[in-house]
Amino acid sequence: MYGASNCYLTEAPLLQEAILVVDRHRRIVGWNYEFVQLWGLATTVFTTLDDQQVLKTVADQFLDSVTFRSEIEGIYAQAELEFHDLVLLREERYFHRHTYPLRLGKLIVGRVWKFYYTNGMEYHARMVI
């Protein structure tokens with residue numbers, strides 16, 4: 001995982017999960033190469049370690065960036081929440097999104113965000129159900 005400690009995370013290489021980790025104050029504490037690639041980010045976006053800058057860049061890729069930002073704020077407002085869904089981006093890329101609290105024992109110390117590519121068939125099947 002890249003970040004403050006400059007360690008590289010190699011978790012779940014088979015799914016090529018894109019991972020972002022933030023602390024309780026929404027400062028970025030880690031990410032992996034797949035996250036940078038999946039969202040097409042320049043690594044300079046991480047210089048401040050502020051997730052708002054990353055969110056702004058990522059939100060522009062969603063069909064409805066306002067709804068995306070609202071969903072993110074709602075998730076952050078519920079620290080205990082584990083959430084997963086399928087999302088569609090502007091250029092018809094489909095991602096599975098999964099987020100859950102980062103814990104140290106019983107204490108919530110942050111949030112983990114994971115994304116990976118999925119196909120449009122899975123997305124559309126879930127939309128029909």
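A residue is called buried here if its relative accessible area is under 20%, and exposed if that value is over 50%.

**Figure 1. The whole chain of the predicted model.** By that cut-off, buried residues make up 42% of the 129 residues in the chain. The accessible surface comes to about 7,500 Å², and 58% of this surface belongs to carbon and sulfur atoms. The chain has four helices and five strands, which follow one another along the sequence in the pattern β-β-α-α-α-β-β-β-α. Among the contacts with a separation of 6 or more, 45% join residues that are 24 or more positions apart.

**Figure 2. The open sheet of five strands.** The strands stand in the order β2-β1-β5-β4-β3, and their pairing is antiparallel. β2 and β3 are the edge strands, each paired on one side only. From one strand to the next, the twist averages 20°. Strands of a sheet pair through backbone hydrogen bonds, in either a parallel or an antiparallel sense.

**Figure 3. The hairpin of β1 and β2.** Strand β1 covers residues 18–23 and strand β2 covers residues 28–31. The two pair in the antiparallel sense over three bridges. Leu-20 stands opposite Trp-31 in β2. Four residues lie between the two strands. In this turn, Arg-26 has a positive phi of about 65°.

**Figure 4. The pairing of β3 with β4.** β3 comprises residues 83–88 and β4 residues 94–104. Six bridges join these two strands in the antiparallel sense. One pair consists of two histidines: His-84 has His-98 in β4 as its bridge partner.

**Figure 5. Helix α3 and its two sides.** α3 runs from residue 65 to residue 77 and has 13 residues. The distance from its first C-alpha to its last is 18 Å, close to the 18 Å expected at 1.5 Å a residue. Its buried residues are Phe-68, Ile-72, Ile-75 and Tyr-76. These four lie on the same side of α3 because they cover an arc of only 100° around the axis. Val-66 and Ala-77, on the other side of α3, are exposed.

**Figure 6. The packing of α3 on the sheet.** What lies over the buried residues of α3? The cover includes the strands β1, β3, β4 and β5, together with helix α2, residues 51–59. α3 lies across these four strands, β1, β3, β4 and β5. With respect to β5, which spans residues 107–118, α3 runs at about 145°.

Terms used. Residues numbered from 1 in each chain as written. Predicted model: local features only at pLDDT ≥ 70, side-chain atom pairs only at ≥ 80, totals over all residues. Heavy atoms only, no water. Pairing = 2+ DSSP bridges. Expected span 1.5 Å × (residues − 1). Buried < 20%, exposed > 50% of the residue type's maximum accessible area, 1.4 Å probe, protein only. Arc of directions from axis to C-beta. Contact = heavy atoms within 4.5 Å. Areas by Shrake-Rupley, 256 points an atom, 1.4 Å probe, with all protein chains shown as cover. Axes fitted to C-alpha atoms, helices over the stretch in contact; angles between N-to-C directions.
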